[in-house]
Amino acid sequence: MPNPLFSVVVFAWRPELLDRSVSAILNQTYKNLEIVIVDAYPAQDNIKVGQVITEMVQNYAKTDSRIRVLRMARFEQTREEPLKNYEVTCRKALEIITGKYFLFQNDDDYIALDYVEKMVALLEANPECTTAAGLPIAVDVNGKETDGPRVNNFRPKYMAGHEMVLDYTRGGKMFNSPGCSIFAFN
C-alpha cells in the first residue's frame, strides 16, 4: 500500500484543549504526516491567552520535525464577513501544505490514534472518493463522552464527493460535520 504524505492543519485557539488535540495527531499509527499548527495569537481577544498559545505552538515545533507553525495576522471581521479570519487562514494553509490528503482540525477536536491510517486506506482504495469523515463523538471540556442523539454527519459511510456537495449546496443536512473531514488533492 502506498504511503502518501498526509497534511494536518490544526487551529490553535484554546490552550486548555490544544495538548489533547495535538497529542492525538503526533501519536497517529500513520507516521507520514506534515503538521501545520496555526498560531492564532494575533486573532485572540485575550492577549495573555494568545501568548500562552504562541509559547505552546513554538514548543510543539521544537519537539517534532513534522510540525510547522503558521502565524496569522488578525483580520477585522464584519457582519458581512464574520468568518474572514478563518477563510484567510484556510487559504494560506492550503498554499503551504504538500500532502496528497489533508485535514483541517480545530483544537477542540481530537482523533482516534488510527484515524489517519484508516482514512488513507479508504481514499487510496477508492480513487473516486475525494472526501471522508469519521463519526464524531461529543465530549465535554474534560474529555468525557456525552450522551445524545446523532445530530450531525448524516451521510452514508461511503458516497461520491459530488453528491455531498450537491446536498450541501441545496440546503440538505446530510453532511454538517462538526469536526474532522479529510480531503484529497487531485
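This is a guided tour of the chain, stop by stop, with a selection to make at each one.

**Whole chain**

Start with everything shown. The model is predicted. The chain holds five helices and six strands. Trace the chain along its sequence and the order reads β-α-β-α-β-α-β-α-β-α-β. Of the 186 residues, 42% are buried. Contacts reach across the sequence: among those between residues at least 6 apart, 71% join residues at least 24 apart. Turn on the surface. About 10800 Å² is exposed, and carbon and sulfur atoms supply 54% of that area.

**Strand E1**

Select residues 6-12, which form strand E1. Seven of its seven residues are buried, so E1 is largely enclosed by the rest of the structure. Now show the side chains. In a regular strand, side chains alternate between the two faces of the sheet. On one side of E1 are Phe6, Val8, Val10 and Ala12. On the other side are Ser7, Val9 and Phe11. Both faces are covered.

**The partners of E1**

Add residues 33-39, strand E2. E1 and E2 run parallel and are joined by seven bridges. To find one end of E1, pick Ala12; its bridge partner in E2 is Asp39. Next add residues 101-106, strand E4. E4 pairs with E1 in the parallel sense, over six bridges. Five of the six residues of E4 are buried, so this strand too is largely enclosed by the rest of the structure.

**Ser7**

Zoom in on Ser7, in strand E1. Is Ser7 buried or exposed? Its relative accessibility is 0%, so Ser7 counts as buried. Look across to E4, where Phe102 stands opposite Ser7. Then look for Leu33: it is 26 residues from Ser7 along the chain, yet their C-alpha atoms are separated by 5.8 Å. Which side chain makes a polar contact with the side chain of Ser7? That of Glu34, at 2.3 Å. Beyond neighbours within four places in sequence, Ser7 also has contacts that include Ile97, Thr98, Gly99, Tyr101 and Leu103.

**Helix H1**

Select residues 15-26, helix H1. Measure from the first C-alpha to the last: its twelve residues reach 17 Å, close to the 16 Å expected at 1.5 Å a residue. Colour the buried residues of H1: Leu17, Leu18, Ser21, Val22, Ala24, Ile25 and Leu26. An α-helix has 3.6 residues a turn, so residues three or four places apart point the same way. What do the buried residues of H1 pack against? They meet strands E1, E2, E3 (67-71) and E4, along with helix H2 (47-63).

**The nonpolar cores**

Show Phe6, Leu18, Leu33 and Ile37. Among the 28 residues of the largest nonpolar core, these four touch the most other members. E1, H1, E2, H2, E4 and helix H4 (115-125) each give two or more residues to this core. Then select Val36, Leu70, Met72 and Ile97. They are among the twelve residues of another core, which lies apart from the largest one.

**Thr89**

End in helix H3, residues 84-96, where Thr89 is found. Thr89 has 6% relative accessibility, so it counts as buried. Display what surrounds it. Leaving aside neighbours within four places in sequence, Thr89 is in contact with Phe11, Val38, Leu70 and Met72. Two of these names come from earlier stops: Phe11 lies in E1, and Leu70 belongs to the twelve-residue core.

Definitions and conventions. Residues are numbered from 1 along each chain as its sequence is written. This is a predicted model: local features need pLDDT of at least 70, side-chain atom pairs count only at pLDDT 80 or more; totals for chains, interfaces and linings use all residues. Side-chain values use heavy atoms; hydrogens and water are left out. Helices (H or I, at least four residues) and strands (E, at least two) are DSSP runs, numbered from the N terminus. The expected span of a helix is 1.5 Å times one less than its number of residues. Buried means under 20% relative accessible area, exposed over 50%, partly exposed in between (1.4 Å probe, protein chains only). Contact means heavy atoms within 4.5 Å. A nonpolar core is a set of buried Ala, Val, Leu, Ile, Met, Phe, Trp, Tyr and Cys residues joined through side-chain atoms within 4.5 Å. A polar contact is a pair of N or O atoms within 3.5 Å; within protein, one must be able to donate a hydrogen and the other to accept it, and residues adjacent in sequence count only if both atoms are side-chain atoms. Two strands pair if DSSP finds at least two bridges between them. Accessible areas come from the Shrake-Rupley method with a 1.4 Å probe; for residues, only the protein chains shown count as cover.
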